Amino acid sequence: MTITNPIEHTRTPTAQPTSGPAIALAGALAATLAVGAALQPSIAREALVPMAVSLLFLFAAAVALIAWLRPVPQCYFTYWDAAGALTFIGICAAATVEPEQMVQLVAGTDHPR
């Protein structure tokens with residue numbers, strides 16, 4: 001006799017779908033947009049996208065920590081999914097940064113060569 005799915009016995013099903021992961025995803029995206037809009041006049045234009053990408057990765061790590069601390073619910077969209085979506089959006093946004101922009105940002109223009 002084989003056990004086909006022993007993990008199902010350890011999970012605790014939830015009675016209702018949770019909206020926490022969707023709120024976390026929307027909140028992280030809104031916070032990144034708000035910080036980018038607030039800092040846009042004060043930081044260099046080349047630094048805006050890397051700053052937004054860093055914020056997305058930071059929020060993805062925070063949501064992944066929440067997912068790690070909470071049990072896995074029986075719903076369609078979990079905190080793991082929200083963390084993965086934030087990471088995917090961050091990677092796609094990081095792909096738009098030109099290498100020359102990053103060199104200028106890291107090296108700076110006022111340093112002697």
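A residue counts as buried when its relative accessible area is under 20%, as exposed when that area is over 50%, and as partly exposed in between. Keep this cut-off in mind as you explore the structure above, which is a predicted model.

## The whole chain

Let us start with the overall picture. The protein chain has four helices and zero strands, so the pattern you meet as you read along the sequence is α-α-α-α. The chain has 113 residues, and 22% of them count as buried. Its accessible surface comes to about 8,300 Å², and carbon and sulfur atoms account for 67% of that area.

How do parts of the chain that are apart in sequence meet? Take the contacts between residues at least 6 apart in sequence: 69% of them join residues at least 24 apart.

## Two residues of helix 1

Helix 1 covers residues 20–39, and V35 is one of its residues. T32 lies in helix 1 as well.

Is T32 buried or exposed? T32 counts as buried because its relative accessibility is 9%, and the cut-off for buried is under 20%. The side chain of T32 also has a polar atom that lies 2.8 Å from the backbone oxygen of A28. Which residues does T32 contact, once its neighbours within four places in sequence are left aside? They are A52, L55, L56 and F59.

V35 has a relative accessibility of 31%, and therefore counts as partly exposed. If you leave out residues up to four places away in sequence, V35 touches M51 and L55. L55 is thus a residue to look for twice, as it appears among the contacts of T32 and those of V35.

## A cavity and its lining

Now look for an enclosed space. The structure holds one cavity of 30 Å³ or more. The largest cavity has a volume of about 40 Å³. Which residues line the largest cavity? You will find A67, R70, P71, V72, P73, T78, Y79 and W80 around it. This lining divides into six nonpolar residues, one polar residue and one charged residue. Arg counts as charged, so R70 is the charged one.

Two of the lining residues deserve a visit. A67 is found in helix 2, and is buried because its relative accessible area is 5%. Apart from residues up to four places away in sequence, A67 touches Y79 and W80. Both Y79 and W80 are also in the lining of the largest cavity.

T78, in turn, sits in the loop between helix 2 (45–69) and helix 3 (79–94). Although T78 is in a loop, T78 is buried, with a relative accessible area of 9%. Setting aside residues up to four places away in sequence, T78 touches P21 and P73. P73 is another member of the cavity lining.

## A residue of helix 3

A93 is found in helix 3. Why does A93 count as partly exposed? Its relative accessibility is 22%, and the range for partly exposed begins where buried, under 20%, ends. With residues up to four places away in sequence not counted, A93 touches V49 and V53.

## Pairs apart in sequence

Some of the residues you have met can also be described by how their C-alpha atoms are placed. The table lists three pairs, with their separation along the chain and the distance between their C-alpha atoms.

| Pair | Separation along the chain | C-alpha distance |
|---|---|---|
| V35 and A52 | 17 residues | 8.1 Å |
| A67 and A83 | 16 residues | 8.2 Å |
| A93 and V49 | 44 residues | 7.3 Å |

The pair A93 and V49 is a good one to find in the structure: these residues are 44 apart along the chain, with C-alpha atoms separated by 7.3 Å, and A93 touches V49.

Technical notes:
Residues numbered from 1 in each chain as written. Predicted model: local features only at pLDDT ≥ 70, side-chain atom pairs only at ≥ 80, totals over all residues. Heavy atoms only, no water. Helix = DSSP H or I, 4+ residues; strand = E, 2+ residues; numbered from the N terminus. Buried < 20%, exposed > 50% of the residue type's maximum accessible area, 1.4 Å probe, protein only. Contact = heavy atoms within 4.5 Å. Areas by Shrake-Rupley, 256 points an atom, 1.4 Å probe, with all protein chains shown as cover. Polar contact = N/O pair within 3.5 Å; in protein donor to acceptor, adjacent residues only side chain to side chain. 1 Å grid on protein atoms, 1.4 Å probe; cavity = no way out; pocket = protein on both sides within 12 Å on 5 of 7 lines; lining within 4 Å. Points joined across faces, edges and corners; volume = space filled by probe spheres on them.
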